[in-house]
Amino acid sequence: MLDGAILQFVWGVKGILKYVPGAGWAMGCNAFVFLDRSFESDRTKLDRMIDYYADSGFNYQMLLFPEGTDKCPLATGRSEKHAKEKGLTHYDYVLHARTTGFVHIVQRMRKRGYIKWLYDVTIGFGDAIVQSEVDLITHGLCPKDIQYQIVKIPIDSLPIDDNGLAKWLHEHWEKKEEKLRLFYCREDAERTTFPMPEGGQEFEMSDAAFDGRIFVVSFWTFVFVMWTYFLFTVKYVGWLALIAITFFALAQKVPFYSLDYYVHSSNGVAMSLLERERETTSDDYHLSI
């Protein structure tokens, strides 16, 4: 999917998350996009960031969820209501994609010459579907088998005009709904793969990759426990934490989109949905949905 490129990766997240102590501040330092879910206010933020990426000379991967949220009962009800109002087909496995942000991002990237490929990522859970962290904590749901299908789409194959792009996304989501319907209509034991597209390849996580993942989780768990211990036992660590908390809390009150504005204005930024591969001999720019 990434053709061997090493990319900096961030997500677009709800604006309120930037106020979460620790995690929110880390997202701000890593230039996550804090969106208000109002296109009128988010348009400027998206344009500024895409322009920065294009001018920075670095390669970024940007991840976009056109549905806008997870498929919880509330979101599903809203999607069904929207489908009835617009005369659209009700979906059982996906929500109706929001086209405004997708179209704007693609067109802005095209304008800056910063996109060449789009990756469509479809995820299927072979056993348990974890809809949210609540399912994980209260019900102990944890999928043991997860299938990913990643399709690389040349950006030149997408329509040029805004209406054409919106129509393309709607039609693509209809195909995604059908793909997931066929996947989940099978018994749990048979949910082992998506239909293989022409020229596709199948990969499985290697033992080395699995061991590496276990090591990373164990390492950061150890670091978290140690820093928590030092926080309450070593005086200067407590003062350092207090200074950091004060700084980040005050930074959120600064105008111009708070801390992330200044991060985006400096070096080393990343975002969510598109990616630009950094290769000295190639100009491959990507977007993932």
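Three short exercises on this predicted model follow, each with a worked solution. Residues are numbered from 1 along each chain as its sequence is written, and side-chain values use heavy atoms, without hydrogens and water. Local features need pLDDT of at least 70, side-chain atom pairs count only at pLDDT 80 or more, and totals for chains, interfaces and linings use all residues.

**Exercise 1.** Find how many disulfides the model has.

Solution.
- Start with the bond: a disulfide covalently joins the sulfur atoms of two cysteines.
- Apply the rule: a pair of cysteine sulfur atoms must lie within 2.5 Å.
- The count is 0 disulfides.

**Exercise 2.** Classify Cys-142 and Cys-185 as buried, partly exposed or exposed.

Solution.
- Take the cut-offs: buried is under 20% relative accessible area, exposed is over 50%, and partly exposed is in between (1.4 Å probe, protein chains only).
- Cys-142 has 46% relative accessibility, so Cys-142 is partly exposed.
- Cys-185 has a relative accessible area of 52%, so Cys-185 is exposed.

**Exercise 3.** Place Gly-113 in the chain, then state its exposure and its distance from Ala-54.

Solution.
- Use the DSSP runs: helices are H or I of at least four residues, strands are E of at least two, and numbering starts from the N terminus.
- Gly-113 sits in the loop between α4 (99-111) and β4 (117-125).
- The relative accessible area of Gly-113 is 42%, so Gly-113 is partly exposed.
- Ala-54 is 59 residues from Gly-113 along the chain, yet their C-alpha atoms are separated by 7.9 Å.
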